[in-house]
Amino acid sequence: MSGVAVRAGLFEQTDAGVTLLGDRCRTCDAHQFPRAGICTLCGAPDPVPVQLAATGTLWAWTWVTAPPPGYDGPVPYGFGVVELPEGLRVITRLVLDPDVAPTVGQPMRAVLDTVGTDPESGHDLVSWAFSPLDASVGL
Ligand SMILES: [Zn+2]
């Protein structure tokens, strides 16, 4: 899937898949997403940019059935929290099979998801999402 990212610097697609771009604090070793110029936990400056793990586990989820203001993508879509092995929880869209309810704790992987159309280029507007590791949706 190609398209225009909703915002630069949040994720990247490589041959290995989609990874979120976070950073790791040089003082307290905490990871965070998205990247910031300071550790949001301890306040130390200049955290190290890192690629976060492309897989995690589902921590919580729900269906969004009504489009939020300004959103012109499809509904319903999944929404929830995925816990990454680095110890942080990421609030995220979820690409799910509408006939298969996910299970908290199940393995998830980062994918790209079309969330609308870029008004300037007319190309797909894409963002990161997470999908069940054993599913083929979202590729
Ligand atoms: Zn820190």
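Two strands pair if DSSP finds at least two bridges between them. Strands (E, at least two residues) and helices (H or I, at least four) are DSSP runs, numbered from the N terminus. The model is predicted: local features need pLDDT of at least 70, side-chain atom pairs count only at pLDDT 80 or more, and totals for chains, interfaces and linings use all residues. Residues are numbered from 1 along each chain as its sequence is written.

**Exercise 1. Find how E2 and E3 are joined, and describe the loop between them.**

Solution.
- Step 1. Strand E2 covers residues 11-14 and runs antiparallel to E3, with four bridges.
- Step 2. Take one bridge: Glu 12 has Thr 19 in E3 as its partner.
- Step 3. The two strands form a hairpin, with two residues between them.
- Step 4. Ala 16 sits in that loop. Ala 16 is exposed because 8 other C-beta atoms lie within 10 Å. The cut-offs, with C-beta atoms placed from the backbone: exposed is 12 or fewer such atoms, buried is 20 or more, partly exposed is in between.
- Step 5. Look along the chain to Ala 54, 38 residues from Ala 16; their C-alpha atoms are 8.7 Å apart.

**Exercise 2. Work out which strands pair with E10, and in which sense.**

Solution.
- Step 1. Strand E1 (residues 4-5) runs parallel to E10, over two bridges. Here Ala 5 stands opposite Val 126.
- Step 2. E9 pairs with E10 in the antiparallel sense, over nine bridges. One pair of bridge partners is Leu 112 and Trp 128.
- Step 3. E9 and E10 form a hairpin with six residues between them. In the turn, Gly 122 has a positive phi of about 80°.

**Exercise 3. Locate the largest nonpolar core and the strands that supply it.**

Solution.
- Step 1. A nonpolar core is a set of buried Ala, Val, Leu, Ile, Met, Phe, Trp, Tyr and Cys residues joined through C-beta atoms within 7 Å.
- Step 2. The largest has 21 residues; Leu 20, Val 111, Trp 128 and Phe 130 have the most contacts inside it.
- Step 3. The elements giving two or more residues are E3 (17-24), E6 (55-64), E8 (89-94), E9 (107-117) and E10 (124-132).

**Exercise 4. Summarise the whole chain: its elements and its radius of gyration.**

Solution.
- Step 1. Count the elements: zero helices and ten strands.
- Step 2. Buried residues make up 27% of the 139 residues.
- Step 3. The radius of gyration is taken over C-alpha atoms; the globule rule is 2.2 Å times the number of residues to the power 0.38. For 139 residues a compact globule would have a value near 14 Å, so the chain's 15 Å agrees.
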